[in-house]
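Here is a short, friendly tour to read alongside the structure. Please keep the 3D view open as you go.

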Amino acid sequence: MYAKEFDSQSIEAFHHFMGEARIIVLTSHMNADGDACGSVLGMARMLDHAVPAGTRIVPMLPNGCPNNFTWMPGSDRIMNGDTEPERCAEVIAKADLIIGMDISSLSRTDHLQEALEQAKCRKVLIDHHRNPAIEQFDVVFSDYTISSTCELVLWLSQALWGGKYMDRETATCLYTGLRTDTGGFAFSCDQPSCFEAASVLVGYDIQPAEIHNRIVNTFTCNRMQFYGYALSQRLQIYKEKRVALFAFSLEDQKQFGVGGEDMEGLVNYTLMMKDIELGALLREEAGRTKVSLRAKYDIDVNQLAQQLGGGGHKKASGATCYMSFDDTLQAVCKLLNIENEQPYQCATA
Ligand code: 5GP
Ligand code: MN
């Protein structure tokens with residue numbers, strides 16, 4: 001009995017694609033998170049054993065493996081679309097099968113997007129976001145009610161191979177995505193299958209406490225002090241609209257010596273306030289601004305992110321805006337209906 005059933009035609013087609021392929025590329029989104037790295041590396045490792053000898057399995061990420069996930073088994077195999085674009089384009093052009101993971105569309109693959117879209121080979125999607133771009137893929141395994149792509153990969157591997165190729169390293173990769181996409185089993189975990197998946201993976205003798213340390217307890221002094229500054233000086237609180245917002249220009253980031261990876265997770269602090277229901281973080285990058293949205297209760301931030309050209313999940317979504325940083329900030333304030341409210345002034349400020 002599997003916690004999730006798949007349509008047998010899709011399973012058969014996927015088997016057929018894998019059996020015929022000589023080069024298989026597995027890819028995910030820019031600034032890969034635990035679920036992106038975990039699903040790509042976990043699936044790659046199982047494919048190593050599952051496909052005929054001589055088949056080349058290539059994990060590839062738009063800007064490589066982030067520093068905080070280089071401990072994951074197999075991370076040294078990941079090709080980097082940012083630092084080795086020609087080599088990546090060459091492999092993609094030769095690939096017989098491309099597996100997109102933890103992305104709803106190839107438009108999330110930045111440096112690899114053009115090559116991936118142009119590739120004429122078979123494409124399979126394994127994902128848990130809303131509104132998947134099904135027209136871009138030959139076979140789609142997508143379920144937005146499921147906790148993480150890593151959970152989906154676990155059930156899919158049972159349907160494909162009866163769990164035959166699962167081992168401690170693969171289970172470590174998949175547990176990481178399950179752990180990070182649920183914020184440590186705090187959200188996106190309202191289906192029993194999420195905990196069933198955790199139970200199956202822990203059965204492979206993985207070390208949940210060690211994985212927690214590697215994921216969470218990793219701050220440098222600088223990052224810790226930046227968080228202190230951000231929380232005390234830069235959090236804009238709109239009590240009436242129950243919104244809290246951070247915004248960091250490139251100049252801010254330069255001044256504090258921090259970047260995108262350092263800000264991962266900062267947006268979640270907005271929701272720790274009792275009366276705040278919606279949190280946002282804007283981070284300027286060269287030529288664009290990344291927007292992160294988080295919500296409690298019934299607010300659907302996926303719908304809000306879509307209005308900015310992005311998407312994601314009901315409680316956690318994002319967008320990439322190509323207007324100026326100030327214009328993006330203005331657009332977000334308008335979208336969140338806070339443009340006419342004065343932010344809260346702390347008594348000690
Ligand atoms: P984060 O705020 O942590 O970057 O992303 C939260 C969620 O929103 C993730 O599930 C991610 O897939 C989605 N997301 C983030 N950035 C974008 C984007 O630029 N476009 C789309 N469509 N989704 C995004
Ligand atoms: Mn995910």
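The report below covers a ligand site, a metal site and the cysteines.

**The shell around ligand 1**

Please bear in mind throughout that this is a predicted model. Ligand 1 is surrounded by 14 residues, and the closest are Arg108, His129, Ser292, Arg294 and Thr320. By type, the shell divides into 2 nonpolar, 9 polar and 3 charged residues.

Where in the fold do these residues come from? Strands S10 (288–295), S11 (311–312) and S12 (316–321) each contribute at least two residues to the shell. The largest share belongs to S12, with 5 residues.

Polar contacts to oxygen atoms of ligand 1 include the following.

| Protein partner | Kind of protein atom | Distance to an oxygen atom of ligand 1 |
|---|---|---|
| Arg108 | polar side-chain atom | 2.9 Å |
| Arg294 | polar side-chain atom | 2.8 Å |
| Gly318 | polar backbone atom | 3.0 Å |

On its own, ligand 1 has 490 Å² of accessible area, and the protein covers 81% of it.

**The manganese site**

Now turn to ligand 2, a manganese ion. Which protein atoms act as its donors? They are Asp35 (OD), Asp102 (OD), His128 (NE2) and Asp181 (OD), at 2.1 to 2.3 Å from the ion. Along the chain, these donors follow the spacing D-x66-D-x25-H-x52-D.

Two of the donors are worth a look together. Asp102 sits in the loop between strand S4 (97–101) and helix H4 (113–118), while Asp181 belongs to helix H6 (residues 168–181), so this pair ties together parts that are 79 residues apart in sequence. Are these two side chains' residues buried or exposed? Asp102 is buried, at 1% relative accessible area. Asp181 also counts as buried, with a relative accessibility of 15%, because the cut-off for buried is under 20%.

**The cysteines**

A disulfide is a covalent bond between the sulfur atoms of two cysteines. How many disulfides does the model have? The count comes to 0.

Cys194 shows the reasoning well. Its closest cysteine sulfur is that of Cys189, 5.3 Å away, which is too far for a bond, because a disulfide needs the two sulfur atoms within 2.5 Å.

The surroundings of the cysteines can be compared too. Cys194 is buried, with 1% relative accessible area, whereas Cys221 is exposed, with 65%.

How values were computed:
Residues numbered from 1 in each chain as written. Chains lettered and ligands numbered in written order. Predicted model: local features only at pLDDT ≥ 70, side-chain atom pairs only at ≥ 80, totals over all residues. Heavy atoms only, no water. Near = heavy atom within 4 Å. Polar contact = N/O pair within 3.5 Å; in protein donor to acceptor, adjacent residues only side chain to side chain. Areas by Shrake-Rupley, 256 points an atom, 1.4 Å probe, with all protein chains shown as cover. Helix = DSSP H or I, 4+ residues; strand = E, 2+ residues; numbered from the N terminus. Nonpolar A, V, L, I, M, F, W, Y, C, P; charged D, E, K, R; others polar. Buried < 20%, exposed > 50% of the residue type's maximum accessible area, 1.4 Å probe, protein only. Donors = N, O, S within 2.8 Å, 3.2 Å for Na, K, Ca; no water.
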